[in-house]
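This report describes how the chains of one model meet and how one of them is folded. The interfaces come before the fold and the core.

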Amino acid sequence: MSSWLDYTINGLIVGNVYALVAVGLALIFGVSRLINFSQGSIYLVGAYIGWVAVVKLQTPLPVTIVLVATLAGMVGLIVERFGLRPLQNSVRIAPLLATIGISFVLDQIVMLIFSPNPRALPSQLPDVRFQVGGGTIGPLDLLIAAVGVTSALLLFLFLRYSKLGWAVRATAQDRDAAMQMGVDVNRVNQAVFGIAAALGGVSGMLVGMYYNQIDTAMSLQATLKGVVAEVVGGAGSVPGAVAGGLLLGLVESYGVALFGTSYRNLFAFLLLISVLVLRPNGLFVSARQAPPEPLTGTFVAPSRPVRLPPWALLIAFAVFALLPLFPVSSYVLQTLINAWLFGMLALSLTLVAGTVGQVSLGHAALLAIGAYTSALLSLSLSFPVGIAIICGGLMSAALGTLLISPSFRLRGHYVSIATLAIGEIVSLVILNWESVTHGPIGVVGIPPLSLFGYELVGAPSVYWFSFVVMVLLALLQVRLLASHIGRSFRAIRDDDVAARAYGLSLNRYKSLAFIFGGFAAGVSGGIAAHLYSYINHETFNTQQSILALTIVILGGLGNVAGAIVGSVALVGLPEVFRIAAEYRILIYGMVLLLLVRFRPQGLLGTI
Amino acid sequence: MSNIDRRSLVKGSFAAIVAGAMVSRTALADASEPILLGVSGPLTGPNAQYGAQWKQGFDLALDEIHAAGGINGRKLAYNFEDSQSDPRQSVAIAQKFVSDPRIVMELGDFSSPASMAASPIYQRAGLVQFGFTNSHPDFTKGGDFMWSTSVSQADEQPLLALYAVRHLGLKKLAVLHQNTDWGRTSRDYFVNAAKGYGADVVITEGYIADDRDFRSTLVRVRDANPDGLILISYYSDGALIARQARQVGLKQTICAASSVYSPKFLELGGEAVEDVHLGTRYFPQDPRPEVRKFIDGFKAKYGGQEPDAFNAYAYDAMNMAAAVLRIGGTDRRAIRDAFAKVHDVPMVIFGSATFDVESRRIKGAMNAELVIRKGQFTLWDGKPT
Amino acid sequence: MAGPIEASASASGAADPVFLSLRGLTRRFGGLTAVDAIDLDLGEGELVSIIGPNGAGKTTLFNLVTGLDRPDAGEVRLDREVITGLSPETLASRGIARTFQLGRVFGNLSVMDNVLIGAHTRLRAVKPAVPLIGPLLELVLALVRPYSVKSEEERLREEVRGILARFGDRLLPRIDQPAYSLSYANRRRVEIARALALAPRLLLLDEPTAGMNPSETAEMQALIAELKAEGLTILLIEHKLDMVMRLSDRVVVMDEGRKIAEGVGEDVRKDPKVIEAYLGHGLSQAAMDEREPAA
């Protein structure tokens, strides 16, 4: 039974680490209602600055901490000033995407400077261990706890009793009113970002020392777990963030104790979803709050969509349809095949995120469901491939909608977080549900694409197949958008309160959007499975979800032609610029940032 | 001569020039252009570090190959395309390689999904796909153009089991492994072999490679009362586990698979990895001439840095490719046939390598039993820890 | 062509059967009671105005009646049927339409589409009321678009053009423009048009002339009078007392969540409690001007 004490202690220790990241997130959310997806990158930057200080400059610990805090804080100030402040009056979705873009850019810069190899970050504290329960803790555990508690306490006092702290709280409550009262809102934002970044940087350094290891993969993990902790604790509440972090650590620890290590992350994300569904305000924040102020302003950037003349569309169709007849290398065809498959995913996402306003960050999960369904049906039950793919689409529509439905009651950034978590959960279930999915071994020997008994070998036939399927789905989507359902989708996106007042059931139409979109994505996943002949839980991942989102933004949210154009651009161009391979993700990040800043309506405009 | 007008003359000369250029290109290609290999692997993304290690191994091998006169007088070069170990990209790269007539063989990819997704393309087009770190047992079943020098876990894990159970005398084992296709397959082979040697596997725990925190896992392990921990890990996660095992109060012997063999394991693990046992294919003081050549060459080229497992796989792969090309020339089909003909190629991993034509793999990897003493990899002297 | 409003058979008068009734309607937020045991009866065809200082709870009351918020206590009945706590979507299909205090049009939708949304609850051909697979049928019908669906859509579009014609040439020439590009006054008009497209039995207007200049206000006042003459039952929140006096059958005064006066306009205006409520909270200059006897 003493093991339970050990599990508890371990949970608290890990929870400590999560709390550190969560506090920074809570601070920023409290002021600007923004989930800062780049917090993990600042954490990473702090760790590497710490490495330079400790290993290269050999500074003593207090100096190291001050150095890291200062430099990381400056990075935070720069991010706020140039990455986020220009978006102040922009549409609601802009800052969310901007922080994602910033995280790409920061992560890649670190990787380019320091190389992707993990490195050791020695702690400069004496190597003493204290016996606690069955295990031991060391000075670093205590330091991390101390930093966590102290910063939470200091922040609490700062917000309560200092002038700038009051300004921060006023801005958090009502930005416009605060401005009218003479609060320099820009300075407040800056201060908050600086503090959060300094804290984030120091956290990264301490955790790096704790594990004696830093590498560029730290960033995403930190962001994910930090967001979970913050949302669970209560978005915007600093004490809530600490409590949420500790709770997350405990839940993971007990989950491992009861079910085994591979269920660890599953528990984390299930905790998140449960909290979002049952108590979206968070566990440690009062649930009794005034109803939200009516939200004015639109969600997407209002714009006049670029109307492509029908003759231009016909020409483009003809060119792409006839392309394989020309002496084009199969490499170009393969690239375009990828573009068509991504195009289907983008069609699905532009419908859901653009037309209906549900910015899903876990859309790759729909690919996975479709892929596995199609693969397993054609392998185990000998379904003809064409039928299997359609079944993949239907399963994705049904199961995908069912899984995403808990997020229907959520609004704004919470939808994105929930869908991100659901995406991760699907991936983890695929990994663990071995009797069906073969777990990490994956599904091998998936039959190749075939239609009515004829195998589609060779790039041209696969090209035509995927092109035709994509065009059909696009045409169906255009028809859907022109119908009363399309009108209803857009009304819900623009103002769901008014939409409800006129009889539009949000659940019904969001479900329809995901059913249609799920079908498109599932078909895409199914085709991919038969194309690759081997899939496992890593084949369809979060990076693709983010790429799909970038494509959709580039093309114009809700814009069908834009989804296809964006897909060709963002899938095709990197192939053209293979030389710039190391910079590819950096370029994605910059593209996202520039789009969001200068042309949020995308190339072809939102619809 | 009568009906030839200027237009057709121009057209005709143009065609002749182009044809001439193409002919001379291939003719020139034979003489002064290097033989080109295509490499599909991660230069960016989560596995970028391994791609970088590949390059180190390749470049070292190439230096030696050229110093020895190249391939029948011609130089050898590789074209490394970044797949990020993503099947989407490895498939596109495969199309690119097969349509480029200069590419005679492909090396890679890093992970099994990326490799196996591309196999149908290589097989149909008739370009050898030579894998050397993708360890899925079904990789070579993709077709007769799929060849692999990655050590089959069916060979490696029994060696580790022998070390742990018979030589170290461990009877109750806790196995921690990465929850990937490689980790799983390895775990299954290890458990079978260990049981065969009479040991009891009291607990196995699969973890996600990116995990940092293993303390709770280790409490579970502790409660199962093992007398030894087996790590089927890469060096970063291996180091983390070793450190945290000591922090949680586990004092059992740790025995790890060769995948932790890297100077990084020592750097990241620090004191915690002292006395960790591991089975590897080679070690720093390995007297074999091919190993000495490799280690000394690596240190000379890379500023004293010690090589690790992935450097060695890549180095060996390049050398094997060179050996195959010497026999098979530059025709893609002949190269495939040459894989079956090549024999006794000196390799760090296998000693003297010959392909088993049935499985298109190499059997009989070298084995050394090491232990970490005073922060160095040393040959185990047979004494208990 | 049928008008958008199904005129009720009853004539206006004092002894109308109760159409909308509120009993003890209460809503609290923490320590604050925003709506405090409000009773109210509305007869069919009546126009009742609710006035009171800012923060009196008027909009919250509207939210309770239209289902946007749930009361902590009390009951709402429409035509004798209990509708307390039903969702806004359900109430819309029962014929309750409302406009919002800050004006909520669908910014990226055209004027036509905005108003068509108003008619959503009246769609029959494309939204068969079948349980369980209803949504899927709706999807299929929307994609296939059989004749019945197409003609219903056409009919509704004609109807919308008719509604927009009531606003003269303010909205019709802009029928395909996105709502965000319209002037503020036009956006408010689109909101009203959308409400009319629902063919409501009960219309709730929340400060429909807020921010409008006198001539725009006069136009809106004329329209509301027209609607009343057509027999529509209307609940109106307004600050412009002159308009309130001219349009209303009765006036209800709220302050701090409570009903402090009710009756015919003139009586309410002279009620000392009402004067105190306004003076105590500070009367806006415009409202004070309007208290002058109208010419």
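Where chain A meets chain C, the contact involves 32 residues of chain A and 34 residues of chain C. The model is predicted, not experimental. On the chain A side, at least two residues each come from helix H18 (459-482), helix H19 (484-494), helix H20 (496-501) and helix H21 (506-532). H19(A) gives the most to the side of chain A that touches chain C, with 7 residues. By class, the side of chain A that touches chain C holds 16 nonpolar, 8 polar and 8 charged residues.

Chains A and B also meet, with 51 residues taken from chain B and 55 residues from chain A. The table sets out the class make-up of two interface sides.

| Side | Nonpolar | Polar | Charged |
|---|---|---|---|
| Chain B, touching chain A | 18 residues | 14 residues | 19 residues |
| Chain A, touching chain C | 16 residues | 8 residues | 8 residues |

Chain C contains 11 helices and 10 strands. It has 295 residues, of which 44% count as buried. Among contacts in chain C with a separation of 6 or more, 68% join residues 24 or more positions apart.

An open sheet of 6 strands in chain C follows the order S6-S7-S8-S3-S9-S10, and its pairing is mixed. Strand S6 (96-98) and strand S10 (258-263) of chain C are at the edges; each has a single partner strand, so one side of each lacks a neighbour in the sheet. From one strand to the next, the twist averages 15°. Strands of a sheet pair through backbone hydrogen bonds, in either the parallel or the antiparallel sense. In chain C, strand S3 (residues 47-51) and strand S8 (residues 233-237) pair in the parallel sense over 4 bridges. Within chain C, C:Ser49 stands opposite C:Leu236 in S8(C).

Helix H1 (residues 58-65) of chain C lies across S3, S6, strand S7 (202-206), S8 and strand S9 (250-255) of that chain. This helix runs at about 150° to S7(C).

The largest nonpolar core has 413 residues, and A:Val23, B:Ala164 and B:Ala321 touch the most other members. Helix H1 (residues 2-32) of chain A gives the most to this core, with 17 residues. Leaving aside neighbours within four places in sequence, B:Ala164 is in contact with B:Leu170, B:Leu173, B:Ala194, B:Gly228, B:Ile230 and B:Cys255. In soluble globular proteins, nonpolar side chains tend to be buried together.

Note on methods: Residues are numbered from 1 along each chain as its sequence is written. Chains are lettered from A and ligands numbered from 1 in the order in which they are written. This is a predicted model: local features need pLDDT of at least 70, side-chain atom pairs count only at pLDDT 80 or more; totals for chains, interfaces and linings use all residues. Two strands pair if DSSP finds at least two bridges between them. Axes are lines fitted to C-alpha atoms, for helices over the stretch in contact, and angles run from 0 to 180 degrees between N-to-C directions. Two residues are in contact if their C-beta atoms, placed from the backbone, lie within 7 Å. Ala, Val, Leu, Ile, Met, Phe, Trp, Tyr, Cys and Pro count as nonpolar, Asp, Glu, Lys and Arg as charged, and the others, Gly among them, as polar. A residue is buried if 20 or more other C-beta atoms lie within 10 Å of its own, exposed if 12 or fewer, and partly exposed in between; C-beta atoms are placed from the backbone. A nonpolar core is a set of buried Ala, Val, Leu, Ile, Met, Phe, Trp, Tyr and Cys residues joined through C-beta atoms within 7 Å.
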